[in-house]
Structures are given as structure tokens and as C-alpha cells.
Amino acid sequence: MYGGEEVQITPGMQAYIDKNGAYLAKRDKYIREVVKKWKFDTIAVHGLYSVEDAIEDYQGSIIEPIFMSTAQAYRDSDEMACALAYMIPTWCYSRIANPSTYYYEWTLALLEGYGYDGVTEACSTSSGMAAIMTAVQPFLVHRFHNKHEPRNFVATAQCYGGTFQQFSVRMQEERDIECRWVQDPTNLDEWAEKIDENTRFLYGELPSNPGLGFFDIQQVADLAHSHELPLIVDSTVATPALLRPICHGADIVVQSVTKSITSSGFGVCGAAIARKGLVTNIDNDVLKENFAIYVKYLPNRDYGPNLHPMQAIMSLNDMRTLRTKMDMLSRNTMKVAQYLQTHPAVESVEYLGLNDHPLHELASKYMWLVDSEYDDQYNKQRVNRYGHLMSFCVKGGPEPTRKFFDGLQRIWRATDLGRIKSVATIPAISTHQQQGEQGRKLANIPPNLVRLCVGGESPDDTIADLDQALSQVATSTAVATG
Ligand SMILES: *Cc1c(COP(=O)(O)O)cnc(C)c1O
């Protein structure tokens, strides 16, 4: 199926294929009849790692093992031949597959696919940027062996700085693959008029980092599909605890697992999660049928952006409490946003949870705490939650903004987000510095914008730190004008 050359199947190989076929059938049944019926938290805690797996294969270890091994040994030549032709599931070589990344992948696939009727699979990557590359590259190949066919894709202009660089420099400038930026992704006509016969996919980040852009996923997915195109969504800021784009029609989700999913901040990692049987105008049945496994076994085998098994298990450990963590972090952020709104030194506050945010209503349609409708704490009512990314503008321009920023005592100054520790940055001088003034204008990043990602500290203490830093700005403004 994935190989190049036709493989001669010996009777010994057939025995391995049969045995592994039975194993896969049993696994699929377990997913369908057991795991898919669990609530979100149960999936987050266990994923696909079962008591039976542990006892039979992993010495009873209750935590998924960290397999720091480059390669797998085979019983004989028949097993080796089957494995390397991808006729049986295999760990062969850790650039391609590894048991630790396998459990990481399945937990993410199941969490992103929670509430979705079909099957989702995931391909782990060394970073969020590698996940984006993994998700988009297979759609940019030459079709019909036409090396001169123009290629383009349509993407939301409000996106992560690294994504902007990947699309505008690596693809457009260096490879002549046109990126058509959508300025207002809530305007369906703008998406539609940018699509033509050379378009390969639609790409959207939501909520976007740091601008908190949002769009109607279902509508954009429908539009994509009506042109035989996939919709790829970067859902890093929301995490599957608050939003699962595949349930609303998206074909592929990319996650910088580095961020809120691995809130401990232990390292960099990512994943591309795809639904089986996605929509594309690329003539490749294997890609269409199971995108995640296709990229894992072929393009990523050849490019090598694989995840380290140690990082996979550390992130997996963080995922187990994702739902309650995103709930707490969202509630803390709401309290901080409401405080900032009342502060005289603050020009404006952007948080999707605030009623006066222009995208509040749209975001509320899609973002809620998964399974809150089963939670006694919330009287079994669905509650909206908006994550822990917010931003605000300090009055008076870039200078007071830097003064406030330098005055922070416990909130960390770092180009990071999604942490259990509160972190702040000024995007214009950090994450979005490289794209220049023009690019920042396109992405709507003013110089006095502060991105704040509220952590798990008591919100009262976070507010106290903001308050003392803002009071220094207020004093200096008073002195300057007085
Ligand atoms: C950080 C980030 C990325 C890139 O992820 P890395 O893990 O840093 O490579 C992509 N998208 C969004 C929204 C991000 O915040």
C-alpha cells in the first residue's frame, strides 16, 4: 500500500500479516466500542494505553514507557520484510515510528476527534512549525506531472509569526507558491474570491495568536469542500478541551503541543491530526484515505521532523489534566481581563470572553468547556470558556508599554504562551518583529500591544503584579503631562 516496488509475499510473511491484521482489528474494535464511548477526561488519562497492553508488552508499567531506542529488532527476515514494506504495524526506526510517540499520537487523535463520528489519526512532530509543514506540504506537490502548474493556498493573515514566515518567505518568496492572505476571515466572500483552480487548501488559525482572530469553521469548511479542498486549522490556542475543529468540518488540525497542551513548558513538540477520508483535489488515494499515516510513513520518513520519545511522554503526562486545566486558566484570564478593562492606563483589552469583543458571539458558538454539560459543578450546563490568551494596549504608545513591561515582577517576560506560569510579551519587538511593519499591519499588531497569557497562579496575585507595573506608567504619564 505504501511501498514503491511490488513485494513478494512468502508464507512466513503471510503469517505475520495475518497475526497483525488480527491485532489491528482488535485495536479498532477497542477504539470503537470502548474508548470512543469514554468521556474526554478518561481519554485524556488513558488514551489507547490499556491494562492489557501494559501486562502483555510493557512489564505492567502503569505509565506509558519511554522507549529511548533508535530501532526495533525483528524475529526473522519475514517479519523484517513485512515491517519495512509497512505491511504490518512497526516501530522499525524511531524517525518513522516509536511506541512512546504512538501513545502520544493516539491520545491527541482521540481528543481532537472527541464528539466526531468518524476516525481521526495523528502524526507527531518535533514542533508546531513542523506540524504545519507536515500538514501543508503534501497538498503542494505537482499534479499530473505538470512542473509549471501555478500553486496557491488561502490563509488567514492573522496568524502566528512563525506561520507567517513559513508561508510568506519559505513558500512564496523561495518557492513561488502563492499565499493569498485573508484579511477578514469572518467575510466568507473574501475566502471565496481568493480560490481558483490552482488552490490547494484553505488554512485558518483560530483563535489566532496574538490577535484573537476567529471565523465560522463550519462555513469555511463547507466552502473548502465545495471546491474539493481541505480546510487545515491551527487550533493551538483553544486546545481540544475548548474546541475541536474536526467536529465542525475541518479536515486537519495542527497543534503546537508545546503550548497549552504541554502547559508545564518542558519542551517543544507538535502534531497534525487528520480525519480519515479527507477532501482534496490531489490525486493520491493513500493520502486521502489516511492522511496522518501517509505523512508519517512517507513524507516525514524522508524529511525527518520526528518527535523525541522522551518529549512525547512528558507531554502526554500534561495532557491527562487538560480539561480541568483549561477551565481554571480560562477563568483566571477572565478575571484578569475584567480588571484590565477598568484600568485608566489601559487603552483597550482584547479577550474573546469579554462581551464587548466583536467576535465574542461567534467564538461562543464554538468554544465551550468540553463535557461541562455532564459536570455537577456547572449544574450540567454547557459553559463557554475562551482559553488563557489575551492582549491589551497600553495608553501612550510604545514607550510606556515597555516601561510597564519592564516593571513586571513575577509575570515572566518571554516569547512563550500556554504556560502554567503567567507570561507576557510585546509582539512587535519579539514574535512579530521579523515580518516588518507591513506584515504587522497585515496581522493587526500595533506597537503598544502586550500579549498576556495568564497562568495558574491565583488571579489576585497576577492582578497585583499587573497593577504595580501599570501604576508606574500612570505616574510617569502624570509627571510628563503635569
Ligand atoms: C507557537 C505556535 C506555533 C508554533 O509552534 P512551535 O511548537 O513553537 O513550533 C504555531 N501556531 C501557534 C498558534 C503558536 O502559538
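## Ligand surroundings

In this predicted model, 14 residues surround the ligand, and those that come nearest are Gly128, Asp234, Ser256, Thr258 and Lys259. By class, the shell around the ligand is made up of five nonpolar, six polar and three charged residues.

Oxygen atoms of the ligand are found in several polar pairings with the protein. In threonine 258, a polar side-chain atom lies 2.6 Å from an oxygen atom of the ligand. Lysine 259 also takes part through its side chain, where an N or O atom is 2.8 Å from a ligand oxygen. At methionine 129 the partner is a polar backbone atom, 2.9 Å from an oxygen atom of the ligand. On its own the ligand has 380 Å² of accessible area, and the protein covers 93% of this.

## Helix 5 against helix 13

Two packed helices are described by the angle between their axes and the distance between the axes. For helix 5 (residues 99-112) and helix 13 (residues 309-319), the axes come within 8 Å and the crossing angle is roughly 35 degrees. The crossing of helix 5 with helix 13 is left-handed.

On the helix 5 side, the contact involves Ser100, Thr101, Tyr103, Tyr104, Thr107 and Leu108. Their counterparts in helix 13 are Pro309, Ala312, Ile313, Ser315, Leu316 and Met319. The contact between these helices has eight nonpolar and four polar residues, with no charged residue taking part.

## Cis peptide bonds between strand 4 and helix 9

The loop between strand 4 (199-205) and helix 9 (217-226) holds proline 207, and proline 210 is found in the loop between strand 4 and helix 9 as well. Leucine 206 is joined to proline 207 by a cis peptide bond with omega of about -20 degrees. The bond from asparagine 209 to proline 210 is also cis, and here omega is near 5 degrees.

## Backbone at tyrosine 86

Which residue has a positive phi although it is not a glycine? Tyrosine 86 does, with a phi of about 55 degrees. Tyrosine 86 sits in the loop between helix 4 (77-84) and helix 5.

As background to this residue and to the cis bonds, most residues other than glycine have a negative phi, and most peptide bonds are trans.

Methods
Residues numbered from 1 in each chain as written. Predicted model: local features only at pLDDT ≥ 70, side-chain atom pairs only at ≥ 80, totals over all residues. Heavy atoms only, no water. Near = heavy atom within 4 Å. Polar contact = N/O pair within 3.5 Å; in protein donor to acceptor, adjacent residues only side chain to side chain. Areas by Shrake-Rupley, 256 points an atom, 1.4 Å probe, with all protein chains shown as cover. Nonpolar A, V, L, I, M, F, W, Y, C, P; charged D, E, K, R; others polar. Axes fitted to C-alpha atoms, helices over the stretch in contact; angles between N-to-C directions. Helix = DSSP H or I, 4+ residues; strand = E, 2+ residues; numbered from the N terminus. Left-handed = near helix turned anticlockwise from the far one by under 90°. Contact = heavy atoms within 4.5 Å.
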